[in-house]
There are 2 protein chains.
Amino acid sequence: MSQIPAIAIHGGAWAIPDNLAEASVEGVKVAAQIGYKILQKGGSAVDAVEAAVRSLEDDPAFDAGTGSVLNTDGEVEMDAVLMDGKDLKCGSVACIQNIKNPISVARLVMDKTDHVLLVGNGANKFAEQMGVESVETKQLVTEEAIREWEQYVKFKVTVNTLFKQRNPIGHDTVGAVAIDTSGNVAFGTSTGGITAKMPGRVGDSPIIGSGGYADNNSGAVSTTGHGESILKVCLAKNITTLLEQGKSVQEAAEESLSAMATRVQGSGGVVVVDKHGNVGKHFTTERMAWSWIKDNQLNYGLNPSEHFTEIMK
Amino acid sequence: MSQIPAIAIHGGAWAIPDNLAEASVEGVKVAAQIGYKILQKGGSAVDAVEAAVRSLEDDPAFDAGTGSVLNTDGEVEMDAVLMDGKDLKCGSVACIQNIKNPISVARLVMDKTDHVLLVGNGANKFAEQMGVESVETKQLVTEEAIREWEQYVKFKVTVNTLFKQRNPIGHDTVGAVAIDTSGNVAFGTSTGGITAKMPGRVGDSPIIGSGGYADNNSGAVSTTGHGESILKVCLAKNITTLLEQGKSVQEAAEESLSAMATRVQGSGGVVVVDKHGNVGKHFTTERMAWSWIKDNQLNYGLNPSEHFTEIMK
């Protein structure tokens with residue numbers, strides 16, 4: 001019997017302001033539907049995840065691709081990663097510039113090189129060799145991102161204080177996990193990082209085991225939240241380890257986020273699918289835009305207690 | 001009662017040629033003694049690890065700092081990481097150039113920023129801001145590294161074939177783990193990567209959970225070997241997870257390396273210290289230069305069956 005496919009999406013776990021709330025929820029619903037259609041036609045989990053993340057990157061409501069935030073120099077530096085749970089093949093780019101869809105460059109690293117991770121100028125050089133079009137920075141930058149950066153420039157001290165409180169301004173990461181009809185799992189994560197990050201700063205997002213993990217022996221996870229905290233505890237790998245030990249998707253997500261809060265005082269959010277196709281999400285931030293689709297039912301929410309459902313046409 | 005301190009070192013797991021064998025063994029013995037002296041005086045595990053790795057970086061027998069291999073463009077791009085098991089604080093640099101001791105820039109990222117990982121030009125800019133002296137590439141490059149690179153340029157196809165066999169030419173990573181008299185563990189890893197890597201390629205070494213991990217609740221690990229394989233399985237985090245589950249240092253190292261060989265056909269080596277101060281090493285490559293010191297006894301070896309001991313003066 002073939003596996004019932006499923007896809008889950010997040011649009012970043014942070015204190016999403018009201019003016020972005022509706023667009024964020026709409027964006028994760030659209031991305032889930034794009035990915036689910038691929039799965040329904042028998043497409044691979046990797047293809048579904050890539051297409052869903054591209055849609056989130058193209059949506060200016062999210063801090064990834066178009067809509068990415070600016071570093072202290074006012075530049076856009078993006079990170080993205082993709083992993084296939086069948087054979088653990090993965091590709092990742094960090095600190096890449098002037099690219100509309102970093103997730104698709106990560107896909108090319110996975111498919112076309114013997115490497116896993118390319119960073120900085122080398123990542124851009126590779127994208128160019130692969131014929132990926134480069135775009136001007138201003139095409140990626142929204143008025144919202146500029147406003148946040150100007151706030152930083154104006155109130156530098158205040159922002160530094162906020163950083164120390166592990167409560168940076170700036171949107172957050174997008175991500176997707178999926179299981180296809182063959183039972184293969186995959187994850188993808190993409191981000192512009194945090195506003196006023198140092199040039200060259202890379203968070204958890206493009207890092208295998210932190211920004212996500214996918215293994216057919218356990219399941220797939222995509223994470224979001226305070227990157228440095230997630231890196232310190234390898235949040236995604238922790239979750240798949242708990243799945244492998246027989247914990248449910250919900251238990252694994254809740255236990256791992258709770259352990260992260262205890263050990264390094266960090267908050268975040270995750271979407272998870274296990275190898276049986278069970279889907280879940282959890283977040284310890286104020287809000288996380290999330291959605292998932294399974295059995296033609298679209299589930300979504302934003303605030304901690306919310307869980308809406310719609311039957312797909 | 002205070003913890004009995006210990007330190008363990010590796011100089012890379014690969015088919016070390018005979019002409020480098022003696023220098024490699026001598027190098028890891030010296031590094032262990034440098035780190036151990038710091039621990040004996042009550043110094044921290046982090047300080048011991050940093051000093052030991054600096055000594056390995058300065059030794060041209062190893063592919064880290066001076067002695068780093070060249071990428072396809074004939075450039076040196078280095079990665080290094082350091083982690084404190086007490087509070088999981090860590091710092092990391094990737095794809096940094098023209099720096100004599102990348103491990104000390106990783107230390108500065110840990111101590112002086114709110115970030116974990118800085119890459120490329122951003123990492124160099126930060127080093128400059130911190131007053132770290134930059135050196136010319138030729139000061140880091142040995143005749144051996146140039147010879148390997150020239151081989152690559154001349155026999156490109158052959159080397160590409162070797163890559164696919166997961167048996168690249170080029171030396172490998174150095175690393176250290178330690179436990180101090182307060183019972184804190186730490187790890188450090190540093191590398192120039194693999195000869196003829198693509199510009200911007202980052203392997204496992206600077207990645208928390210892959211190139212190493214340190215947590216007072218379990219222990220510390222530093223890894224070496226085929227970077228892309230190590231990244232896919234988060235080798236270091238796997239080992240500390242097994243330690244946390246009560247496995248011995250030796251069981252955790254052997255099981256994790258064996259699982260990596262099964263899942264992604266990769267080979268490598270590790271040094272490990274657990275939270276009780278038990279020390280171990282294991283490698284699935286032809287050779288790994290390793291050493292450890294505990295209770296004034298220096299242990300070291302290179303070939304699979306070797307285990308020499310010397311009483312320190």
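**Exercise 1. Identify the salt bridge that joins Lys125(B) to a residue of chain A, and place it among the contacts between chain B and chain A.**

Solution.
Step 1. In this predicted model, the side chain of Lys125(B) meets that of Asp73(A) at 2.7 Å, N to O. The cut-off for a salt bridge is 4 Å, so the pair qualifies.
Step 2. Between chain B and chain A the count is four salt bridges, and Lys125(B) with Asp73(A) is one of them.
Step 3. Polar contacts between chain B and chain A come to 20 residue pairs, both residues being at pLDDT 80 or more.
Step 4. On the side of chain B that touches chain A, the residues divide into 21 nonpolar, twelve polar and 14 charged.

**Exercise 2. State how much area chain B and chain A bury between them, and which three residues of chain B supply the most.**

Solution.
Step 1. Contact involves 47 residues of chain B and 47 residues of chain A.
Step 2. The two chains bury about 3,700 Å² between them. Carbon and sulfur atoms carry 59% of this area.
Step 3. His115(B), Lys232(B) and Arg263(B) supply 18% of the area that chain B buries against chain A, more than any other three residues.

**Exercise 3. Classify the ring pairs Tyr300(A)–Phe308(A) and Trp290(B)–Trp292(B), and say whether each residue is buried or exposed, or in between.**

Solution.
Step 1. A pair of aromatic rings is described by the distance of the centres and the angle of the planes. Over all chains there are four aromatic pairs.
Step 2. For Tyr300(A) and Phe308(A), the centres are 5.4 Å apart and the planes make 35 degrees. Planes under 30 degrees apart would count as stacked and over 60 as edge-to-face, so this angle is classed as tilted.
Step 3. Tyr300(A) has a relative accessible area of 12% and is buried, whereas Phe308(A), at 40%, is partly exposed.
Step 4. Trp290(B) and Trp292(B) also form a tilted pair, with 5.1 Å centre to centre and 35 degrees between the planes.
Step 5. Trp290(B) is buried at 0% relative accessibility, and Trp292(B) is buried at 12%.

**Exercise 4. Find which lysines lie over the faces of Tyr300(A) and Trp290(A).**

Solution.
Step 1. Over the face of Tyr300(A) lies Lys29(A), at 4.0 Å from the ring centre.
Step 2. Over the face of Trp290(A) lies Lys281(A), at 4.5 Å from the ring centre.

Notes. Residues are numbered from 1 along each chain as its sequence is written. Chains are lettered from A and ligands numbered from 1 in the order in which they are written. This is a predicted model: local features need pLDDT of at least 70, side-chain atom pairs count only at pLDDT 80 or more; totals for chains, interfaces and linings use all residues. Side-chain values use heavy atoms; hydrogens and water are left out. Rings of Phe, Tyr and Trp (its six-membered ring) pair if their centres lie within 6.5 Å; planes under 30 degrees apart count as stacked, over 60 as edge-to-face and the rest as tilted. Buried means under 20% relative accessible area, exposed over 50%, partly exposed in between (1.4 Å probe, protein chains only). A charge sits over a ring if NZ of Lys or CZ of Arg is within 6 Å of the ring centre and within 35 degrees of the ring normal. Contact means heavy atoms within 4.5 Å. Buried area is the accessible area (1.4 Å probe) that two parts lose on being put together, summed over both. A polar contact is a pair of N or O atoms within 3.5 Å; within protein, one must be able to donate a hydrogen and the other to accept it, and residues adjacent in sequence count only if both atoms are side-chain atoms. Ala, Val, Leu, Ile, Met, Phe, Trp, Tyr, Cys and Pro count as nonpolar, Asp, Glu, Lys and Arg as charged, and the others, Gly among them, as polar.
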